[in-house]
Amino acid sequence: MSMQYESFADRLVRAMAAQGFKQADLIRLAGKRGMRLGKSQVSQYANGKTVPRRPVGEVLAAVLDVPTAWLMEGKEIEPAVHEDAPASEPPCIEAETRAASATIESRSTPMREIKKSAKLDNVLYDVRGPVVEEAERMEAAGARVLKLNIGNPAPFDFRAPEEMVFDMSRQLVDCEGYSSAKGLFSARKAIMQYAQLKHIQGVDVDDVYTGNGVSELINLSMLALLDNGDEVLVPSPDYPLWTACVTLAGGTPVHYVCDEQAEWYPDMDDIRKKVTSRTKALVIINPNNPTGSLYPREVLQELVDIAREHNLIIFSDEIYDRIVMDGLEHVSIASMAPDVFCVTFSGLSKSHMVAGYRIGWMVLSGDKARAHDYILGVNMLCNMRMCSNVPAQSIVQTALGGHQSVQGYIVPGGRVYEQREYVYNALNDIPGVTAVKPKAGFYIFPKLDVKKFNITDDEKFTLDLLHEKRLLVVHGGGFNWKKPDHFRVVYLPRIEVLGEAMRDLGDFLSRYRQA
């Protein structure tokens, strides 16, 4: 006889329905019991993406008025057996056989739910989270969804430079084996020379590591550094992989505010207030994702001064450093801090429109002697993953040394520039929406008038927009922004497509009031 499996999510949803609760009710009532839960966290519990740790489960069970053992493990509560129950008649042989069979079955090992590691309990990545999964479900049912949620150039007709594609095809036969753990010499030499052009001092080929995109290297760099409870200062809003990787490595992400009223620059006083004896590093995302902010030298100098004063490592995510508009200059913070240990990240995914090739790098600079033990840890983790994608490494020299076709996109008349101009103006023309003009990258981070639209749940806003207009964006909470008043738009589609999307957004908001 087949056995129907019921997951934690099934039991949670069933218990919520019995009480007439919504997810917001769980968050509110759990908060009254001293358990702070996030909207994305509860959404992932209800969607079966994650199972809470025992203390969280106990609070949820108390809120829902169900036994913890039933909610967490699906254990049924055994009925009490009364001592004065009448004796039964002696069983026949057939009955004895059935009873023996039942006893054997009851003693067999019960089916256990296979759970994910508790290390993932607070790891979220809503750029590809529950709202995206709903969009994929809708597409599978035949709906057509415009995806403005992720900076992936290829689906919007951006192509890799022909020279890179040609050079990769010619070298494939030489890329069938592993490279060294850090990467091909030719690739690392080209990256070293690029760092020199960015005025980063003291960089040697051995200070360069290639990776399967910057994402892999962010994770690797955090795993090599953090012990449980170590703190890392991360911007809010941030690219959420930073928060996720700090958490996964056992650290505690401490978010410092970036000020929308000051071009989304970091709030230095907020950073200083949040430095403690456990703080190990300061993360900078420049140019910033999701805001498109570009930090000038005076802002970078203040960040260097804080890192120097508190003996912090600087991790600088500069993947958009070649997509800077309005004639502005990107400055690598490592070039201003030759005495501070810095790890600088970049790659080809965005500037050369090859996100699928998965080629990124990190460069170590500054006081490397102080970081000797940390570097040994980085080397160990690099060795364990063998090497990064060798065919993609083979074109780094071509990409960095050849014609930079991206320059044509980021000047007046270029696609990225004109699309940025259009979406900035179109968003600010919608009543109840304002946006700071991005200076770099592919994204804009508009603000919603939450009083006008009665918005208390930004993820619900994005779901409602998706359901009504088939338009997929990411809510501000997905970037660790604490207020429900922002969302991110990718402006990679052509202007005619963006135009339709902005008209749909304006029409949606003209009638939208969140229940």
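Me: Are Asp 207 and Lys 368 buried or exposed?
Reply: This is a predicted model, in which local features need pLDDT (confidence per residue, from 0 to 100) of at least 70, side-chain atom pairs count only at pLDDT 80 or more, and totals for chains, interfaces and linings use all residues. Residues are numbered from 1 along each chain as its sequence is written, and side-chain values use heavy atoms, without hydrogens or water. Relative accessible area decides the matter: under 20% is buried, over 50% exposed, and in between partly exposed (1.4 Å probe, protein chains only). By this rule, both Asp 207 and Lys 368 are buried.

Me: How far apart in sequence are the parts that Asp 207 and Lys 368 tie together?
Reply: Asp 207 forms a salt bridge (a Lys or Arg side-chain nitrogen within 4 Å of an Asp or Glu carboxyl oxygen) with Lys 368, and their closest N and O atoms are 2.7 Å apart. Asp 207 lies in the loop between helix H9 and strand S2, and Lys 368 in the loop between strand S9 and helix H14 (helices of at least four residues and strands of at least two are DSSP runs, H or I and E, numbered from the N terminus), so the parts tied together are separated in sequence by 161 residues.

Me: Which residue forms a salt bridge with Glu 113?
Reply: The closest N and O atoms of this pair are 3.6 Å apart. Glu 113 counts as partly exposed, at 22% relative accessibility, whereas its partner is buried, with a relative accessible area of 2%. The partner of Glu 113 is Arg 11.

Me: How far from Asp 238 is the nearest side chain of opposite charge?
Reply: Asp 238 sits in the loop between strand S3 and helix H11. Asp 238 is buried yet has no salt bridge. The nearest side chain of opposite charge belongs to Lys 482, at a distance of 8.2 Å.

Me: How many of the nine residues of H11 are buried?
Reply: The buried residues of H11 include Pro 240, Trp 242 and Thr 247. They pack against helix H10 and strands S3, S4, S6, S7 and S8. H11 is mostly covered, and its buried residues number eight.

Me: Where in the protein chain is confidence highest?
Reply: The protein chain averages a pLDDT of 89, and 92% of the residues score at least 70. Confidence is lowest in helix H6 (residues 93-107), at a mean of 51. The highest value, 98, belongs to residues 313-317, which form strand S7.

Notes:
Lys, Arg positive; Asp, Glu negative; His and termini not counted. Contact = heavy atoms within 4.5 Å.
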